[in-house]
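Have the sequence and the 3D view open side by side. This report takes the chains one at a time and then turns to where they meet.

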Amino acid sequence: MQGIILFTVLASTYLMVIAKRMPALIRGFRFQSFCLFALTLIMAFSEHRLDLYIIAVLLFVLKVSLIPHFLYRTIRRIRANENLGLFINPQLSLIWAMAFTYLSWIFAARLAVFGQAILIGVMAIAFFIILAGMFLMMSRMSALAQIIGLLVMENGLFMLASTVSGGMPFFVEIAIFFDVFMSVLIMGIFVFRINKLFTHIDVNKLSRLKG
Amino acid sequence: MLDLLPKHIFLSDPLSLFFLFVIFIVSLPSAIYSFGYLKGEYPLKKIILSWFLLAIFILSMAAVVTAGNVLVFLVAWEMMSLASYFLVVFDTTHERSIKAGTIYVVMTQIGAAFLIAAFMIMYSYARSFDLFALKNACLAMPAQTKNIIFVSLLIGFGTKAGIVPLHIWLPYAHPQAPSHISSIMSGVMIKTAIYGIIRFVMFILGVSAAWWGVLVLILAVISCLVGVIYALMEHDIKKLLAYHSVENIGIILLGVGLAMFFTSQGLPYLAVFSLMAGLYHLVNHAIFKGLLFLCAGSVYKATGTRDIEKLGGLIKTMPYTAAYFLLGAMAISALPPLNGFVSEWLTLQAFFLGALNVIGGTKLFLGFCAVMLALTSGLAAACFVKAFGITFLAGPRSHYAKEAKEVSLSMKAGMFFLSLLTIVFGLAATMIIRYLTRAAGSAMDIDISHMQFSLNNITLNPQAGKSIYLSPPLLALVLLVLGITGLVIFCAWRRKRSVRHNTWDCGYYRLDARNEYTATAFSKPFRIAFSFFLLPYRKTQKIRESFYHVRSFTYETHTIQVFKKYLYDPVLVLVFRSAKSMRRLQPGSIHLYLMYIFITIILLIVFMRWF
């Protein structure tokens, strides 16, 4: 069961990497978060831990419903061009993403030499998600992609922490959730303001702002 | 093992106490002076701010000279630099202040970097930041390491002290601060660097090679000459004083360098003697340079300009300030019986004694240094004839000088206190050197109890049995008697019928300020004599109506700042050029910045095996 979910997480990340338009990207993120939610729920169920239940619920409420909803609302309100603006086209992105997967697998294998196979797999996928988030931020022009890239990285970190070390301390986890939520709110407002000021949210065109 | 709770946070040996005393005697009158100086010059909020900064500045200097732990020392050192930086840029309205502050902060941070490097090397041997632990560790240090530490310390402290060629910030920063701050900076702050050299090179590191002392002596001689020659060319009164600080730091370092040299030669008596001479000049310079800066501040406050070409005749409107300035000028020119004379005389004696006691080429070298010191004091006297004569004598050269009024009581009080000290430190020399030898002995860990500095009450005799005597009170008496005799003779024989003319009128009339002697003209012989170093050039421009009638004639003369042009400018150009090419890495695109991070991560992952 866990294996299947892990595979789905991987697939959802690939989906996001090849996404060309904003709604597709948000959908991919929602899907990925849902998979994480399922993963956490299963872990909570098998280990009978109350805190994991609460974290799972929070994951669902924040990352599966509230944040994607808020992002949808933002792109609807700014009525911007729905295209993400790709520096690297989907095909090439996919190839890069596969390379990253391989790289993170080597990395994980080298880190956890005596671990079980499943542990190495989880670590590899988590590393890959972090790299993919970074890749999204780097190779997409729209400011929205930067927000989602950050969220994806956070997902990867969450996964790494919860599977490898059995989760961060409960309160830290809660704090991170609220942090992420607040940062998305703030960045959403920023995107809105940028759009109002420059009538676009193309970060590439902001380079004239340097000192 | 890191020594988190050091045993000696603060020291109180004679050397530290001596420097505390120096800080105190300059800071107190400067603070009193600032009551009157700041009033009306700045709004109330800025005055409060200046007091706050002044308090931090003085406290951090006190912490520097008493720190018993290198970390405490460094923190205090940086606090001192920052506080003085903010005081330099205190006149934020002037573009010049910002520039001066930038030069100052850059130079001082470069110096601090060298200091930190030296301390880190010491720490790697001692495994402790405690001064005494460092001292013990330095006993077992290889000579090569010691040399490296010495050079770093010399550069680090030399930047603060203003040794040529690291003096570049001094003539910018010192004049730009408010005058009571200039007096503290020039009188005391640069002395903390001398403290650092004595404490860290002589006390902790221990002089191990003769060339250390020789290097310091050479730098000191260069500083003396360069400082005084530039001062001769300068017409900004505070800048002139700042250049004299370079010169006097050179004289102090002559004493310190001699002490280092004698230590390495195994002549402890002479070492103590020359360090004592250096320390004596240090406290003297603190007194008279503090006094002169306060006087310059009074002139600035009264007239609103620092350019002496625009001043003149102030002795009539500001008699007190003129008298104090004259005392300070006499002291810095080493005229007996004031304090500057005693210490320069002692330094010269140290050179002669050294020349008697060493053999070979060193004899010649020490003699040469003594000659250079004599030349320096001669030039300094010339410079202060110019500074005093042009500023205070003759008639006013501009409306600035015409409208000058004597300054307020608190300012006069500050100046009075210091000018009193110039006399006291000259007359009470015998008593003072007794204390100074103790400080010098403790600074070098030399037991001085068996040494005789042969001090009876009235005669000061550094070289027992060789019949060299100096008695400042006796000299003062002789001068006083001679002066009174001269005055009596003058009064008795002068022409009874007096004729009144304007000053420097030579019996003509209708001579105005434009006919007066100028500072540029006064310094011309020196400009010619030192033209190989100053590289003067002039611009003349005549506008003629016809061949016979010149409507206007302008004449400008400038000197080339050798060190700035041939040492600092190329470095600056290089720095800016490389900074410009570095800027290409930073085009302002967020994606590119993200890519830098991303590539770094990927590389780290790929090459993890090698880390």
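## Overall size of chain B

The radius of gyration is taken over C-alpha atoms, and the globule rule sets it at 2.2 Å times the number of residues to the power 0.38. Keep in mind that this is a predicted model. Chain B has 611 residues, and a compact globule of that length would have a radius of gyration near 25 Å. The value for chain B is 27 Å, which agrees. Along its principal axes, the C-alpha trace of chain B spans about 100 × 75 × 50 Å.

## Elements and domains of chain B

What is chain B built from? It holds 24 helices and two strands. The domain assignment splits chain B into domain 1 (14-476), domain 2 (524-558) and domain 3 (562-610). Look at domain 2 and domain 3 of chain B. Their centres, taken over C-alpha atoms, are separated by 47 Å.

## A salt bridge between loops

Side chains of opposite charge can pair when their charged atoms come close. A search of the whole structure finds 10 salt bridges over all chains. One of them joins B:D236 to B:R306, with the closest N and O atoms 3.0 Å apart.

Where do B:D236 and B:R306 lie in the chain? B:D236 is in the loop between α9 (210-233) and α10 (237-265) of chain B. B:R306 is in the loop between α11 (268-303) and α12 (314-317) of chain B. They are 70 residues apart, so the pair links distant parts of the chain.## Backbone details in chain B

Two peptide bonds deserve a look. The bond from B:V164 to B:P165 is cis, with omega near 5°. B:P165 sits in the loop between α6 (143-161) and α7 (170-176) of chain B. The bond from B:P336 to B:P337 is cis, with omega near 0°. B:P337 belongs to the loop between α13 (319-332) and α14 (339-357) of chain B.

Now find B:R127. Its phi is near 60°, a positive value in a residue other than glycine. B:R127 lies in the loop between α4 (95-126) and α5 (131-139) of chain B.

## Chain A

Chain A contains seven helices and zero strands. From the N terminus on, its elements run α-α-α-α-α-α-α. For the 211 residues of chain A, the globule rule gives 17 Å. The radius of gyration of chain A is 17 Å, so chain A is as compact as a globular protein of that length. Its C-alpha atoms fill a box of roughly 50 × 35 × 30 Å, taken along the principal axes.

## Where the chains meet

How many residues of each chain take part in the contact? On one side are 17 residues of chain B, and on the other are 20 residues of chain A. Between them the chains bury about 1,700 Å². Carbon and sulfur atoms account for 76% of that area. Three residues, B:H591, B:F598 and B:I605, supply 40% of the area that chain B buries against chain A. No other three residues supply more.

Which element gives the largest share of the side of chain B that touches chain A? Helix α24 (residues 590-606) of chain B does, with 10 residues. The residues on this side of chain B divide into 11 nonpolar, four polar and two charged.

What about pairing across the interface? The rule finds zero salt bridges between chain B and chain A. It does find two residue pairs in polar contact, both at pLDDT 80 or more.

How values were computed:
Residues are numbered from 1 along each chain as its sequence is written. Chains are lettered from A and ligands numbered from 1 in the order in which they are written. Side-chain values use heavy atoms; hydrogens and water are left out. Contact means heavy atoms within 4.5 Å. Buried area is the accessible area (1.4 Å probe) that two parts lose on being put together, summed over both. A salt bridge is a side-chain nitrogen of Lys or Arg within 4 Å of a carboxyl oxygen of Asp or Glu. A polar contact is a pair of N or O atoms within 3.5 Å; within protein, one must be able to donate a hydrogen and the other to accept it, and residues adjacent in sequence count only if both atoms are side-chain atoms. Helices (H or I, at least four residues) and strands (E, at least two) are DSSP runs, numbered from the N terminus. Ala, Val, Leu, Ile, Met, Phe, Trp, Tyr, Cys and Pro count as nonpolar, Asp, Glu, Lys and Arg as charged, and the others, Gly among them, as polar. Domain bounds come from an automatic or database domain assignment.
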